[in-house]
Each structure stands twice: as structure tokens, then as C-alpha cells.
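Open your viewer and keep the selection box ready. This tour goes stop by stop, and each stop tells you what to select and what is there.

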Amino acid sequence: MDRDFQIDSKLASEVRNYGNFDIKGCYACGSCTVICPLTGNSASFPRRCIRYVQLGLKEALKESLEPWLCYYCGDCSESCPRETEPGEAMMTLRRYLTAQYDWTGLSAKFYKSKLWEYMAIFLLSALVVVLAILFHGPIVTERVELNTFAPVELVHTFDMILLVTLSFFLLSNVFRMWWFTIVRNHVKVPLYLYITEVKTLIQHFVTQIQFRECSTKLRWIKHWLLTAGYVLMFTMIIVFLDWFQTDNIYPIYHPQRWLGYFATFVLVFFTVEILLSRFKKKEQIHRFSHHSDWIFPILLLLTALSGIAVHIFRYVGLPLATYYTYVLHLAIACPMLIVEVPFGKWSHLAYRPLAIYFHTIKQKAEQLQTHKEGDLQLVGSTE
Ligand code: SF4
Ligand code: SF4
């Protein structure tokens with residue numbers, strides 16, 4: 001690091017507001033770096049960021065992508081002779097950085113205060129219920145007519161407004177991430193690198209292959225299935241609602257049913273598994289749980305369970321139970337999306353592959369710069 005940074009003496013106490021960060025004991029022995037399967041060419045990964053916090057180098061930390069490169073296998077925490085939990089420290093830094101990217105300040109409020117997060121979820125749920133009371137269609141009680149009670153065009157319009165709003169917040173935060181980690185980092189990246197490396201972004205978003213390198217195959221597959229489940233559910237309820245919310249009960253072999261069953265099954269199965277692991281605390285990666293580690297899977301699970309209940313009530317022909325459960329389903333799903341997508345844990349899904357993308361283009365840009373400087377020196381020495 002050849003730049004001057006101001007020292008922020010409050011950085012360590014600020015970071016500690018985002019989770020477990022016991023760095024007093026770290027004496028930079030480097031065991032975590034040696035053991036980390038993702039260290040690669042970056043010799044100080046993961047302890048460089050710990051050092052930034054120890055030294056109060058807030059701007060250097062904000063410019064770092066390293067916390068996002070860690071997939072939290074927990075190996076470094078197992079091997080740390082001082083038991084300072086570097087894996088959990090990286091998790092805490094990801095929450096801290098999410099809050100730094102978020103210009104609204106809401107992410108910081110939600111991560112630092114349970115009360116803020118619970119209140120936001122409660123108020124958004126209440127708003128959904130009020131909107132449903134005000135705008136629902138006729139209540140048919142002779143048979144189930146969900147699309148009469150909740151006209152799909154109306155719900156779809158609401159969905160689209162939600163999608164545009166969430167995308168705006170998430171993309172503006174992504175812009176700030178790019179600004180901090182590339183522009184303010186004084187890395188001159190040629191435009192063509194952004195284009196040629198899009199494949200890296202897509203590959204890591206779709207496969208999360210970096211996770212495979214630092215964990216067991218089973219854990220990687222489970223994580224991939226859970227992510228695929230909620231991306232699929234998100235796409236079906238936000239983009240293809242016309243197709244997904246229908247009063248027709250399709251035959252059992254229809255793809256609409258199987259996609260719904262797949263997404264619901266993985267959401268229920270893996271969120272229950274995550275919650276049980278956090279409760280038992282047997283695995284290293286689940287020894288520490290921040291309130292955001294509970295809220296997201298709980299909301300995901302409740303969204304899936306209330307969706308199942310709507311499906312069952314509709315299937316057995318209980319009109320009122322179907323309508324009320326549908327409102328409950330929306331009252332859980334909407335706050336989850338609004339709070340978690342741009343401001344909470346869901347945003348990791350975007351930040352992680354983006355960090356790998358930015359990291360790759362930064363490395364390539366720096367190599368180009370080094371070659372150029374080497375060529376210039378060669379020309380200078382031969383003149
Ligand atoms: S292994 Fe522990 S003490 Fe050693 S550098 Fe890593 S965090 Fe610090
Ligand atoms: S948790 Fe795993 S991937 Fe993350 S820094 Fe530690 S060893 Fe590396």
C-alpha cells in the first residue's frame with residue numbers, strides 16, 4: 001500500500017457493531033493465510049483486512065474486495081492459535097461493507113439494531129395488509145377465485161413497481177461498490193476488460209464455483225440449490241406472475257407445478273437445515289449468529305410455508321382460507337424482499353460475484369500497468 005490514509009481510531013468499535021470481531025488477540029502469525037484455500041496470489045488474505053481494522057484504516061477497508069472473496073468455510077478459524085475467529089471477522093466485514101455501499105443508511109440501521117429491522121418488517125407487513133384491505137377484488141365464497149380476490153394484473157403492477165424500486169437501490173449501491181473499490185482505488189481499468197470479463201461475473205453468479213474451492217462438494221451443492229430455489233421463486237413471483245398465479249390447477253406433470261414444487265422444497269428443506277445448524281452451533285461456521293443470520297432464513301421459510309398453505313387451501317377448495325393466507329403470504333414475502341434484497345443478506349448474492357469480477361479486472365489492469373512500466377524502463381535503458 002503506497003498511499004496515505006487517515007487513521008480512524010473508532011473503526012474497530014464501529015466494525016464490532018456488525019458482529020463478532022475479536023481482533024485484539026491477532027498477532028499476525030499468518031496461519032489463517034496459509035490455511036485459507038482461497039488465498040491464491042494475495043499473500044495477506046484474509047488477515048490484511050483484520051490489520052486494516054487494527055490500524056484504523058477505514059478508507060483502505062472500504063476499497064478492499066477481500067471480505068467478499070471469502071466464502072466462509074471456517075478453516076482459518078479452526079487453525080487460529082489465538083482463537084480470534086478470522087472467518088467470522090470476514091463475515092462481520094461483509095456486513096460492514098454492505099452498510100458502507102448503501103447510501104440510504106438503512107443497511108447500517110438494520111445490521112446494527114434488531115429493533116430497526118423488526119420494526120421495518122412489521123411496518124411493511126402492516127402496509128401490505130392495509131393495501132390488500134383497500135384494493136382487494138370481490139370475495140367469492142362459493143368456490144376459490146384467487147384471481148378475482150387479488151386480480152393478477154394489479155398484483156403484477158405492484159410487483160413491477162417493487163422490482164424497479166429494489167433494482168434502483170441495489171444498483172445504486174453496486175455503483176458505490178465499484179466507485180470505492182475501483183475508481184477510488186486509482187486503478188485504471190481499460191473498458192474492454194469490463195466487457196471481456198463479464199463471463200467471470202456470469203460464471204460466478206450462476207455456479208458459485210469459488211465456494212466449491214473452499215468447502216465440501218455437498219455444502220457447495222446445498223448452497224447452490226438454496227440460491228437456485230430463491231432465484232427461481234423470485235423470478236416466478238415477480239416476472240412471471242401471470243403464469244404462476246392462476247385459478248387453474250394444472251395437471252401434475254405441468255412444468256408450472258414442478259418448478260413451484262422444486263423452489264418450495266429447497267427453500268423449506270435448506271432453511272430448516274440452516275436454522276437447526278445455527279441452533280445447535282456444532283459447525284464452526286454456525287458458532288456465531290448475528291440477528292440477520294436468523295431473520296433472512298426465517299422469512300424465507302415462512303414465505304415458503306405460507307405459499308404451501310395457499311396452494312393446499314386452493315386445492316381442497318376453501319375460499320376464505322385461501323384469500324386470508326394469500327394476504328399473509330404477501331405480508332411476509334414483501335418485507336423480506338424490501339429489507340433483504342438491497343439492504344440485507346440477499347445483497348451478498350450480487351456483491352460476491354461482482355467482487356470476484358472487480359478483483360479479476362483489477363488484477364489484469366495492474367498486470368497491464370506493470371508491463372507498460374517495464375516496457376518504458378526497457379526503452380529508457382536502451383536509449
Ligand atoms: S491465524 Fe489468528 S492470530 Fe494468526 S494472523 Fe490469522 S487471525 Fe491473526
Ligand atoms: S473462512 Fe475459509 S475462505 Fe474465508 S478466509 Fe477463512 S479460510 Fe479463507
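Into which domains is the protein divided? Select residues 11-101 for domain 1 and residues 106-362 for domain 2. Keep in mind that this is a predicted model.

**Stop 1: the two domains**

Give each domain its own colour. Their centres, taken over C-alpha atoms, are separated by 27 Å. Now look at where they meet. On one side are 24 residues of domain 1, in contact with 29 residues of domain 2. Next, select helix 5 (66-69), helix 6 (75-79) and helix 7 (86-101). Each supplies at least two residues of the side of domain 1 that touches domain 2. Which helix gives the most to that side? Helix 7 does, with seven residues. Colour this side of domain 1 by residue class. You will find eleven nonpolar, seven polar and six charged residues.

**Stop 2: ligand 1**

Select ligand 1 and show what surrounds it. There are 13 residues around ligand 1. Which of them come nearest? They are Cys 26, Cys 29, Ser 31, Cys 32 and Cys 80. Now add helix 2 (31-35) and helix 3 (47-55). Each of these helices supplies at least two residues of the shell around ligand 1. By class, this shell has eight nonpolar, three polar and two charged residues.

**Stop 3: ligand 2**

Move on to ligand 2. Here 15 residues lie around the ligand, and Cys 36, Pro 46, Cys 70, Cys 76 and Gly 87 come nearest. Which elements give two or more residues to this shell? Select helix 6 and helix 7. Helix 7 has the largest share of the shell around ligand 2, with three residues. You have met helix 7 already, on the side of domain 1 that touches domain 2. The shell around ligand 2 holds twelve nonpolar residues, two polar and one charged.

**Stop 4: Phe 110**

Select helix 8 (residues 106-112) and find Phe 110 in it. Is Phe 110 buried or exposed? Phe 110 counts as buried, because it has 28 C-beta neighbours inside 10 Å. Show its contacts, leaving out residues up to four places away in sequence. Phe 110 touches Trp 116, Glu 117 and Ala 120, and also Val 339, Phe 343 and Gly 344. Then draw a distance to Ala 99. C-alpha to C-alpha, Phe 110 and Ala 99 are 9.1 Å apart, and eleven residues separate them in sequence.

**Stop 5: helix 17 and helix 18**

Show helix 17 (residues 255-280) with helix 18. Their axes come within 9 Å and cross at roughly 145°. The crossing is left-handed. Pick out some of the residues that make the contact. Helix 17 offers Leu 267, Val 268 and Thr 271, among others. On helix 18, the contact includes Trp 294, Pro 297 and Leu 301. What classes do the residues of this contact divide into? They are 13 nonpolar, three polar and two charged.

**Stop 6: Phe 296**

Stay on helix 18 (residues 291-316) and select Phe 296. Why does Phe 296 count as buried? Because it has 20 C-beta neighbours inside 10 Å, and 20 or more is what the term requires. Leaving out residues up to four places away in sequence, Phe 296 touches Glu 340, Gly 344, Lys 345 and Trp 346. Gly 344 is also touched by Phe 110, from the earlier stop. Last, go from Phe 296 to Thr 271. The two are 25 residues apart in sequence and 9.1 Å apart in space, C-alpha to C-alpha.

Conventions: Residues are numbered from 1 along each chain as its sequence is written. Chains are lettered from A and ligands numbered from 1 in the order in which they are written. This is a predicted model: local features need pLDDT of at least 70, side-chain atom pairs count only at pLDDT 80 or more; totals for chains, interfaces and linings use all residues. A residue is near a molecule or strand if its C-beta atom, placed from the backbone, lies within 6 Å of it. Helices (H or I, at least four residues) and strands (E, at least two) are DSSP runs, numbered from the N terminus. Ala, Val, Leu, Ile, Met, Phe, Trp, Tyr, Cys and Pro count as nonpolar, Asp, Glu, Lys and Arg as charged, and the others, Gly among them, as polar. Domain bounds come from an automatic or database domain assignment. Two residues are in contact if their C-beta atoms, placed from the backbone, lie within 7 Å. A residue is buried if 20 or more other C-beta atoms lie within 10 Å of its own, exposed if 12 or fewer, and partly exposed in between; C-beta atoms are placed from the backbone. Axes are lines fitted to C-alpha atoms, for helices over the stretch in contact, and angles run from 0 to 180 degrees between N-to-C directions. A crossing is left-handed if the near helix is turned anticlockwise from the far one by less than a right angle, and right-handed if clockwise.
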